[in-house]
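Trainee: I'm new to this one, and I'd like a close look at a single part of it. Could you walk me through it slowly?

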Amino acid sequence: MEKFTKWADKGTGINPFLPQRRAASSLPSKVASGLLAIVLIAVRLPLILLTLTWFLALSLLTKPWFDILTGALFTTYAYLDEGPSKPMTLSPQHTGFFLLVLGSLTALSVPIRRVFSFLTLRPPVYLLLSILGVSYREQHANLRKLGLRPPGHRPHDSRIGRTIQAGDILLSNHTSPLEVLFFISRFLPAFSALAVAPVAQGRLLTPLQAWWRAGLVPPKAFETGTGQALSSLAAEAKRQGQAVVVFPETARSNGDGVLVFQRGVLDGTDAKEAKGGKLTGGERGGGVNVHIFGFSAPKGEVMPTHTVGSVFGFYLQLLSRWRTTVNVSYVGAPDLLLQPTSAKGSGGSSRTPVYSSEELRSLLANMLGRPKLNLGYEDFCSFRKYYAAIRAGDEERAAALARAREKM
């Protein structure tokens, strides 16, 4: 992989954008794996298509505007048809009335909309993960090794994610759509779509939108309008009764290191006032609470990641694997809030902690047991172009990209 070393981190020699590959195996083993992959894809693909159809249909059903519009159409049809309906049959009148009531309730009441979404959207995602053979091994991070709690103290959350509330920020590394599917299946949060220029700002995405965008390259700037600061996104998500997931690296990696957090991602101010990425915790109801999630492969295993190539290739790889296990490490907001900080001008341990984006990046790196890398979004984008040129056999374009990289 000599030709890819120009995109390696200078301090560690790690290239976090190279696709993960399994160790070489013998010819009989390769043949057996290939046959198994064909069988798995043939069996799983029809089931996945049915599950996706179910998920998309239910996603529409959770939209109040869709329910009200469809209910009005059914009711209008029933009125124009003027046909009698039997009491215990599903007639257009009954369907229209049900959808109108459902749409009105979910439009007027955030808790009802959240409960309905949980009951309808999470089951197909669980089923999809089961069909794919994906399982998540959740565990609390070692707070003592992270320097967050003294020896003998257990995490504040008895169950991972128990203290997550609407408006909280779920901060995570990003390697593939598997992170998005985990958050949908566990918490059904909103997601932040980040653009990186001039400083990172975001817009809220629905789970379906986030899942789709997980296979794309994050935009350098939004095509229309501007984004919002993270504190504004958290406030908007709180009004919708949701937490908000943020991938502060903005780019995807292969999990071998933690990329640079984009400037402005963790600022509590707007883009014009962003000065260094300070984010305040604070008590419940004040400030922004942050929960950190780290996704990694179990020791000795290779986790599918999507840094280059088509997202369909990633899903094909996932379909062909017998099982995929992902380790999920977690530090809850209460364990961050209880940690004394080195903020100047205050003493004791009861003050509100203030974490810089670099401190949070260090915590994430220590949770994963991976180094911090001096690479980020621009490196990710240029490597994708170079890798695509190499795969396409375009030597002239690859050489031009390599020369441009040497000048950086």
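Let's take strand β2: how many bridges join β2 to strand β5, and in which sense do the two run, parallel or antiparallel?

Mentor: Good place to start, and keep in mind that this is a predicted model. Strand β2 covers residues 169–172 and β5 covers residues 244–246; three bridges join them, and they run parallel. To find the pairing on your screen, look for Leu170, which stands opposite Val245 in β5.

β2 has another partner too. Strand β7, residues 290–296, pairs with β2 over four bridges, again in the parallel sense. Here the residue to look for is Ser172, whose bridge partner in β7 is Phe293.

Now look at where the side chains of β2 go. In a regular strand, side chains alternate between the two faces of the sheet. In β2, Ile169 and Leu171 point one way, while Leu170 and Ser172 point the other way. Whichever way they point, all four of these residues are buried. For background, buried residues make up 49% of the 408 residues in the protein, and the protein has 13 helices and nine strands.

Let's follow Phe293 a bit further, since we've just met it as the partner of Ser172. Phe293 belongs to an aromatic cluster together with Tyr136, Phe182, Phe183, Phe187, Phe191, Phe295 and Tyr330. Two members of that cluster, Phe183 and Phe187, are both buried.

Stepping back to aromatic pairs in general, the structure holds 21 of them. One involves Trp7 and Phe383: the ring centres are 5.9 Å apart and the planes sit at 70 degrees, which is over 60, so this pair counts as edge-to-face. Trp7 lies in the segment before α1 and Phe383 in helix α12 (residues 377–392), so the pair ties together parts that are 376 residues apart in sequence. Trp7 counts as buried because its relative accessibility is 1%, and Phe383 counts as buried because its value is 0%. Compare that with Phe183 and Phe187 from the cluster: their ring centres are 6.5 Å apart and their planes are at 40 degrees, so that pair is tilted.

Links across the sequence turn up in the contacts as well. Of the contacts in the protein with a separation of 6 or more, 75% are between residues 24 or more positions apart.

Notes
Residues numbered from 1 in each chain as written. Predicted model: local features only at pLDDT ≥ 70, side-chain atom pairs only at ≥ 80, totals over all residues. Heavy atoms only, no water. Phe/Tyr/Trp six-rings, centres within 6.5 Å; stacked < 30°, edge-to-face > 60°. Buried < 20%, exposed > 50% of the residue type's maximum accessible area, 1.4 Å probe, protein only. Contact = heavy atoms within 4.5 Å. Pairing = 2+ DSSP bridges.
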